[in-house]
Amino acid sequence: MAEATNQFSSKAIRAAFCFAIMGIILIEGQQDFLTECRKKVDHGQCGWQIGTELYSGNATVDQQCCSRLVDMGEKCHKELLKDYLSSPDHANVNATEVWRRSDILWSRCSKISAHP
C-alpha cells in the first residue's frame, strides 16, 4: 500500500512538474507574441493615440494609426489590451468601458482603413 502511495505521489509530482514547465513555455510564448504585437503598432504616436482613445473616450486615432492597428490584427489588439488590464497597476481602470471603447475603435478603424 505504501508503495502504491509513493508511486502515486511520484506520478503526481512529475505531472505537476510537466504542467509547470508547459506553463512557463506558454508564458514565454505569450510574451514573445505580445512583444511582436507591440512592435507592429508602436510607431510614433500610434500607441499613445490608441491608449488615449481607449482610456479617455476621445476619438484620437487617426487614419494612419487605424491602419497600423488593423494591420496588427484583432488578436494582437485584444491580447495587448487584456495584458494591460490584467496588471495590478490598472486595477482602478473600468475594464468594461475600455473593452467597449476597444470594440468601437476596432470597428471604426476596420472601416476607414479597409484595404482595396
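Here is a quick tour of confidence, core and pocket in this predicted model.

Residues are numbered from 1 along each chain as its sequence is written. Local features need pLDDT of at least 70 and side-chain atom pairs count only at pLDDT 80 or more, while totals for chains, interfaces and linings use all residues; side-chain values use heavy atoms, with hydrogens and water left out.

Start with confidence. pLDDT is the predictor's confidence in each residue, from 0 to 100. The chain averages 75, and 70% of the residues score at least 70. Helices here are DSSP runs (H or I, at least four residues), numbered from the N terminus. Confidence bottoms out in α1, with a mean of 55, and peaks in α5, at 93. Over residues 15–26 the pLDDT drops below 50, and this stretch makes 0 contacts (heavy atoms within 4.5 Å) beyond near neighbours in sequence. Where pLDDT is low, the predicted coordinates should not be read in detail.

Now the core. A nonpolar core is a set of buried (under 20% relative accessible area, 1.4 Å probe, protein chains only) Ala, Val, Leu, Ile, Met, Phe, Trp, Tyr and Cys residues joined through side-chain atoms within 4.5 Å. The largest one has 20 residues, and Leu-105 and Ile-50 are among those with the most contacts inside it. Each of these helices supplies at least two of its residues:

| Helix | Residues |
|---|---|
| α1 | 2–41 |
| α2 | 46–56 |
| α3 | 63–72 |
| α4 | 74–85 |
| α5 | 95–112 |

The largest share, 5 residues, comes from α3. Leaving aside neighbours within four places in sequence, Leu-105 touches Ile-50, Glu-53, Leu-54, Val-61, Leu-69 and His-77.

Terms used. Buried < 20%, exposed > 50% of the residue type's maximum accessible area, 1.4 Å probe, protein only.
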